[in-house]
Amino acid sequence: MTAQELLTASQAKLRDCGISNPIRDARLLLADCLMVKTQNLNLLDDSYISEIEISKFWRMINDRCKKKPVSKILGYRSFWGRDFEINDNVLDPRGDTETLIELILDCNFENMLELGTGSGAIAVTVLAERPEVTCVATDISEYALKTASTNSKKHGVESRLKLLNSNWFDKISGRFDIIVSNPPYISSKEYAQLGAEVVKYDPKISLTLGGDGLEAYREILSQALGKLSKNGHIFLEIGWNQANAVRHLLREAGFQEIRVHKDLGSRDRVISAESP
Ligand SMILES: C[S@@+](CC[C@H](N)C(=O)[O-])C[C@H]1O[C@@H](n2cnc3c(N)ncnc32)[C@H](O)[C@@H]1O
């Protein structure tokens, strides 16, 4: 079979399975399988593909038909221009989370605490962009921390990153210039309505703690002020409809300079505040 024949057949299969962008997905998967760039696939139009590559490619297409996200099939996701290893143990980092990175990189700081690091996309990106910064990053999932560790080595920042298996602040001592978290913030009602791509392939603990979706903010904000330096900053990713509730929690906890920031789609995405 040639690359072009494989693409035509796989795109038809993906379309039959109800995949919304069959042309893009088939090209991404074939390019990965053949270890070429997608833009170079056309150069291979008439080349014959080996049986091993063909079997591997159809396994990928079958996974995609089961709604497995392309990034989870490939095993990596690009975030702020770097590739991060991802797997079943971590949330697939979302493009909207880059809003947090933009805001953090606007600050002057020496150390940072990330709560719920998952793949390490936030902590590793900040460390890679800021060679003078050190970071402690926690997660309740030991498996997620292994992935974060792999990503920290891949991007050469492991000597400045301390990874801790901790329930929010339980194992944290000292104070930090910045605290950042993209916690599980989906309510049990919203979780019940999520599509298979998310529910089946992102760990439940990375998406929801059940209830109204605000539990993680309540827990984090009950202790955050005591872990921040004077005039320290906190950055929390929020759901599009959570700004008022989280603003209220920040005020109650004693924070000041509370601001809501929008993502590229103009939805509320991050709330920031400062310690007095
Ligand atoms: C929405 S994911 C964010 C992952 C990553 N920071 C990102 O933005 O892609 C939330 C993370 O919080 C972690 N988590 C959930 N409950 C936690 C807890 N009680 N203490 C620490 N981490 C927790 C989950 O394991 C998950 O990795």
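Which residue has a backbone N or O atom 3.3 Å from a nitrogen atom of the ligand? To answer this, select the ligand in the viewer, bearing in mind that the model is predicted. The residue is Thr117, whose backbone supplies the N or O atom in question.

**First stop: the ligand**

Keep the ligand selected and display its surroundings. There are 18 residues around the ligand, and those that come nearest are Gly116, Asp139, Asn167, Asn182 and Ser206. Next, select the side chain of Asp139: one of its N or O atoms is 2.6 Å from an oxygen atom of the ligand. Then select the side chain of Asn167, where an N or O atom lies 2.8 Å from a nitrogen atom of the ligand. Taken on its own, the ligand has 600 Å² of accessible area, and the protein covers 96% of this area.

**Second stop: helix α7**

Select residues 142–154, which form helix α7. This helix has 13 residues, and the distance from its first C-alpha to its last is 19 Å, close to the 18 Å expected at 1.5 Å a residue. Colour Ala144, Leu145, Thr147, Ala148, Asn151 and Ser152, the buried residues of α7. These residues lie on the same side of α7, because they cover an arc of only 160° around the axis. Add β2 (82–85), α6 (121–129), β4 (134–139) and β5 (161–165) to the view; the buried residues of α7 pack against these elements.

Now turn to the face of α7 directed away from the buried side. The exposed residues Glu142, Tyr143, Lys146 and Lys153 are found there.

The ends of the helix also merit inspection. At the N-terminal end, select Ser141, which caps α7: a side-chain oxygen of Ser141 lies 3.3 Å from the backbone nitrogen of Tyr143. Just after α7, select Gly156, which takes a positive phi of about 70°.

**Third stop: Leu207**

Select residues 204–207, which make up helix α10, and locate Leu207 within this helix. Is Leu207 buried or exposed? Leu207 counts as buried because its relative accessibility is 4%, and the limit for a buried residue is under 20%.

Select Pro184 as well. Leu207 and Pro184 are 23 residues apart in sequence, yet their C-alpha atoms are 4.3 Å apart in space. Finally, display the contacts of Leu207, leaving aside its neighbours within four places in sequence: they are Leu91, Arg94, Pro184, Tyr185, Ile186, Tyr191, Leu194, Val198 and Asp202.

How values were computed:
Residues numbered from 1 in each chain as written. Predicted model: local features only at pLDDT ≥ 70, side-chain atom pairs only at ≥ 80, totals over all residues. Heavy atoms only, no water. Helix = DSSP H or I, 4+ residues; strand = E, 2+ residues; numbered from the N terminus. Expected span 1.5 Å × (residues − 1). Buried < 20%, exposed > 50% of the residue type's maximum accessible area, 1.4 Å probe, protein only. Arc of directions from axis to C-beta. Contact = heavy atoms within 4.5 Å. Polar contact = N/O pair within 3.5 Å; in protein donor to acceptor, adjacent residues only side chain to side chain. Near = heavy atom within 4 Å. Areas by Shrake-Rupley, 256 points an atom, 1.4 Å probe, with all protein chains shown as cover.
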